[in-house]
Amino acid sequence: MMNPLDLTGRTILVTGASSGIGRETAHLISELGARVVLVGRNEGRLAETLRSLDGEGHRVEPFDLSSTDEIPRWLKSISASSGPLHGLVHSAGTHKLRPLRVLNAKTVEDIMRINVGAAIGLAKGFCQGGVCAPGGNIVFLSSSAGLTGQAGVAAYAASKGAIISLTRALAVELAGQHIRVNCVAPGVVTTEMGRGLLGMLTPEQRATLEAAHLLGLGSARDVSYAIAFLLAGTARWITGTVLVVDGGYTAH
């Protein structure tokens, strides 16, 4: 029986593949037959992800995405050695809980550089000649924080709202190159980053946040299923959209 999510023969680059949603996405798409290019700053943790993948042909590409101007040239070199990329998932990101009264320009700049600047650099590099295979697609990670108000995360929320706007703009701009662009907006997920966020809350704040997720907190696999759907032929007629995966958090 045909698997509509089959990714056999496709090469997909995943940023943030050393942990969390990025690592789980790499696991899932390798199970679906994809060859995965694993990107992150920590080569040791990327190697751990590599050893846990199904199939063959995967590779580790350590890179600091804060070097945004270098991203297009770096992607060109990857495609030159591994062949054109069929998909790109930008899961790398940074989250800092900073109330407005202590928010400073450096924190805002750091968050925007990784969450938005790197996304733009990746898209720019992906649409270069020879980098993207015909019918390629991009999946960004936004957040429920980019869709609804939350206290203490103004800079992070702004960056994730920007990803939604970026997704829609690039979907229009890149449609002529037959490149689809979508994003996934998760709620709170029990990854290392998610647990760190929860650990900064009081017991009362944590209980309130958990109760707001009508189906409970999510797992990285919940989000990776949505990403795989957008990467596969199942989403061939979908571009410029935001797929919300948040256990009902934004339904209120």
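**Figure 1. Helix α8 has the span its residue count calls for.** Helix α8 runs over residues 220–231, which makes 12 residues. At 1.5 Å a residue, the helix should span 16 Å. Its end C-alpha atoms are 16 Å apart, so the expected and computed values agree. The model shown here and in the other views is predicted. Which residues of α8 are buried? They are Ala220, Val223, Ser224, Ala226, Ile227, Ala228, Leu230 and Leu231. Several elements cover these buried residues. Among them are the strands β1 (11–15), β4 (85–90), β5 (132–141), β6 (180–186) and β7 (242–245). Helix α1 (20–31) is also part of the cover.

**Figure 2. Helix α1 is mostly covered.** How many of the 12 residues of α1 are buried? The count is 10. They are Ile21, Gly22, Arg23, Glu24, Thr25, Ala26, His27, Leu28, Ile29 and Ser30. The list includes the charged residues Arg23 and Glu24. The cover over the buried residues of α1 includes the strands β1, β2, β5 and β6. It also includes the helices α2 (43–51) and α8. From its first C-alpha to its last, α1 reaches 17 Å. That is close to the 16 Å expected at 1.5 Å a residue. After the helix comes Gly33, with a positive phi near 105 degrees.

**Figure 3. Val37 is a buried residue of strand β2.** The strand covers residues 35–40. The relative accessible area of Val37 is 1%. Buried means under 20%, so Val37 qualifies. What does Val37 touch, leaving out residues up to four places away in sequence? Its contacts are Thr11, Ile12, Leu13, Val14, Arg59, Glu61, Ile78 and Leu85. Take Glu61, which is 24 residues from Val37 along the chain. The C-alpha atoms of Val37 and Glu61 are separated by 6.7 Å.

**Figure 4. Arg98 sits in the loop between β4 and α4 (105–126).** Its relative accessibility is 30%, so Arg98 counts as partly exposed. Arg98 touches Leu103, Thr107, Gly152 and Val153, when residues up to four places away in sequence are not counted. Ala155 is 57 residues from Arg98 along the chain. Their C-alpha atoms are separated by 7.9 Å.

**Figure 5. His178 has a positive phi although it is not a glycine.** The angle is about 60 degrees. Where does His178 lie? It is in the loop between α5 (154–174) and β6. Is His178 buried or exposed? Its relative accessibility is 60%, and exposed means over 50%, so His178 counts as exposed.

**Figure 6. The whole chain has eight helices and seven strands.** This view puts the close-ups in context. A compact globule of 252 residues would have a radius of gyration near 18 Å. The chain has 17 Å, which agrees. Its C-alpha atoms fill a box of roughly 50 × 45 × 40 Å along the principal axes. Of the 252 residues, 49% count as buried. Among contacts with a separation of 6 or more, 71% join residues 24 or more positions apart. The accessible surface of the chain comes to about 11600 Å². Carbon and sulfur atoms account for 55% of that surface. The chain carries 22 positive and 19 negative charges, and the mean positions of the two sets are 4 Å apart.

Terms used: Residues are numbered from 1 along each chain as its sequence is written. This is a predicted model: local features need pLDDT of at least 70, side-chain atom pairs count only at pLDDT 80 or more; totals for chains, interfaces and linings use all residues. Side-chain values use heavy atoms; hydrogens and water are left out. Helices (H or I, at least four residues) and strands (E, at least two) are DSSP runs, numbered from the N terminus. The radius of gyration is taken over C-alpha atoms; the globule rule is 2.2 Å times the number of residues to the power 0.38. Buried means under 20% relative accessible area, exposed over 50%, partly exposed in between (1.4 Å probe, protein chains only). Contact means heavy atoms within 4.5 Å. Accessible areas come from the Shrake-Rupley method with a 1.4 Å probe; for residues, only the protein chains shown count as cover. The place of a charge is taken as NZ of Lys, CZ of Arg, CG of Asp or CD of Glu. The expected span of a helix is 1.5 Å times one less than its number of residues.
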